[in-house]
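The exercises below are intended for a reader who has the sequence and the coordinates at hand. Please attempt each task before reading its solution.

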Amino acid sequence: MKIINLANRAGLFTLILLFVFQSCSSSNDSTDTPEVVTPDKITVQVDIIGKTAELPNGDGSGKIKLNITAANAKSYKVKINNETKEFTTNDFTYEFTEPGTKVYTIEVTAFDGLKYTNASTTVNIFVARKLIFSDEFDVNGAPNPDKWDYNTGTGDGWGNNELQYYTKRPENVIVENGILKIKAIREDYMGSQFTSARILTRGKFSFKYGRAEIRAKLPVGGGTWPAFWLLGDNLDTVGWPACGEIDILESVGNNPNVIHSSLHSPGRSGNTPDTATTTNPTSATAYHIYAAEWSAESIKFYVDDNLFYTYKNSTTTPFNAKFFVILNFAMGGNFGGAVDPNFKNATYEIDYVRVYN
């Protein structure tokens, strides 16, 4: 009887050991899934293209190259200059376009598929201005048709009760000896008392942000109203003033040598409060540079690089889309005022138009 009991106990013990062994084997099998390891030791190396001892912020191209090192990383995300880029290689190139020298923050995230690690650094980069449009008016005759189109007719006073009829005639618009001449003439033409011209880059060139400038000599005479301005590309779809208008230069002969710069937008059109003036005593006797520098943050207006007005831009304005360029010479109207009865003709002379990024 005792022998039988011992045998039974031995058998029972053997069964217990076998069960434990099998349980452990099952447990080990269940942990065969690879362990997820968070990327670590992330480093970001920034190389500024063209950097030298003399040019510590680069050669003006605005280009940088990033090299990211992070163990176990399979993909990366880079946030730079309000843009987000995603890629699977650890080399990344980027080009800044806003002119000037500025410090930018670079935020990098490395992923292994489930987990991630962050790092950030900064770069101080110099971006030179790049000329993206120009007309030096160095070919005699009509304005370059690859760059300029025309508005013609009365346009029902062009919204300002203006008096001129815009034409394409060489009597009103011509390039001579390196100068674009827009000439307003008192004459009976197609039912109007005056003729002049209005040329524009619509459909040929437009831009978003940058510097636009002309070098010009202004006409004289009561009722004259020369201008250099920008209008939103989406004019046809949203209308004015929703498209936005940036008046870089306006001057009226009834208030000579006063330079106006203004902006028009919804609720701030017509007699816009977004305007300023400066005095230029030789505006009609010498050439001067009239310019605007336009960014997402501001629009700054200059005469001969002297800043006289800064408009604070924001995401709520129309001034964050592409605009085209207009040159025109109006007569009379709401802003030009009464025309001098002795006025016969006057010429708006433009040496060049240039737009930089």
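Five exercises on this predicted model follow, each with a worked solution.

**Exercise 1. Confidence and overall composition**

Task: Establish what the mean pLDDT of the protein is, and over which residues the pLDDT is below 50.

Solution.
- Step 1. The mean pLDDT is 90, and 89% of the residues reach 70 or more.
- Step 2. Residues 1-36 have a pLDDT below 50, and this stretch has 3 contacts in the model beyond near neighbours in sequence.
- Step 3. Where pLDDT is low, predicted coordinates should not be read in detail.
- Step 4. The secondary structure of the protein comprises 3 helices and 24 strands.
- Step 5. Of the 357 residues, 42% are buried. The exposed surface of the protein is about 18700 Å², of which carbon and sulfur atoms supply 51%.
- Step 6. Among contacts between residues at least 6 apart in sequence, 67% join residues at least 24 apart.

**Exercise 2. The sheet of 4 strands**

Task: Determine the strand order of the open sheet of 4 strands and trace the bridge partners of Val 78 and Val 108.

Solution.
- Step 1. The order is 4-3-6-7, with antiparallel pairing.
- Step 2. Strand 4 (83-87) and strand 7 (116-127) are the edge strands; each has a single partner strand, so one side of each lacks a neighbour in the sheet.
- Step 3. On average, neighbouring strands of this sheet are turned by 20° against each other, direction ignored.
- Step 4. Strand 3 (residues 75-80) runs antiparallel to strand 6 (residues 100-111), and 6 bridges join them. Tyr 76 stands opposite Ala 110, and Val 78 stands opposite Val 108.
- Step 5. Strand 6 also pairs with strand 7, over 12 bridges in the antiparallel sense. Here the bridge partner of Val 108 is Ala 119 in strand 7.
- Step 6. A hairpin is formed by strand 6 and strand 7, with 4 residues between them; Gly 113 in its turn has a positive phi of about 120°.

**Exercise 3. The sheet of 7 strands**

Task: Identify which strands stand at the edges of the open sheet of 7 strands.

Solution.
- Step 1. The strand order is 9-14-23-16-17-18-19, and the pairing is antiparallel.
- Step 2. The edges are strand 9 (149-151) and strand 19 (275-279); because each has a single partner strand, one side of each is left without a neighbour in the sheet.
- Step 3. Within the sheet, strand 17 (residues 245-250) and strand 18 (residues 258-264) pair antiparallel over 4 bridges. Glu 250 has His 260 in strand 18 as its bridge partner.

**Exercise 4. The nonpolar cores**

Task: State how many residues the largest nonpolar core has and which residues Ile 246 contacts.

Solution.
- Step 1. The largest nonpolar core has 48 residues, and Ile 246 is among those with the most contacts inside it, as are Phe 228 and Tyr 348.
- Step 2. Leaving aside neighbours within four places in sequence, the contacts of Ile 246 include Trp 229, Leu 263, Trp 294 and Phe 319.
- Step 3. Another core, of 20 residues, lies apart from the largest one; Ile 48, Leu 66, Ile 68 and Ile 125 are among its members.

**Exercise 5. The setting of Asn 234**

Task: Locate Asn 234 and explain why it counts as partly exposed.

Solution.
- Step 1. Asn 234 belongs to the loop between strand 16 (224-232) and helix 2 (235-238).
- Step 2. Its relative accessibility is 30%. Partly exposed residues fall between the cut-offs of 20% and 50%, so Asn 234 counts as partly exposed.
- Step 3. Not counting residues up to four places away in sequence, Asn 234 touches Gly 239 and Cys 243.
- Step 4. Asn 234 and Lys 322 are 88 residues apart in sequence, with a C-alpha to C-alpha distance of 8.1 Å.

Conventions: Residues are numbered from 1 along each chain as its sequence is written. This is a predicted model: local features need pLDDT of at least 70, side-chain atom pairs count only at pLDDT 80 or more; totals for chains, interfaces and linings use all residues. Side-chain values use heavy atoms; hydrogens and water are left out. Helices (H or I, at least four residues) and strands (E, at least two) are DSSP runs, numbered from the N terminus. Buried means under 20% relative accessible area, exposed over 50%, partly exposed in between (1.4 Å probe, protein chains only). Contact means heavy atoms within 4.5 Å. Two strands pair if DSSP finds at least two bridges between them. A nonpolar core is a set of buried Ala, Val, Leu, Ile, Met, Phe, Trp, Tyr and Cys residues joined through side-chain atoms within 4.5 Å. pLDDT is the predictor's confidence in each residue, from 0 to 100. Accessible areas come from the Shrake-Rupley method with a 1.4 Å probe; for residues, only the protein chains shown count as cover. Axes are lines fitted to C-alpha atoms, for helices over the stretch in contact, and angles run from 0 to 180 degrees between N-to-C directions.
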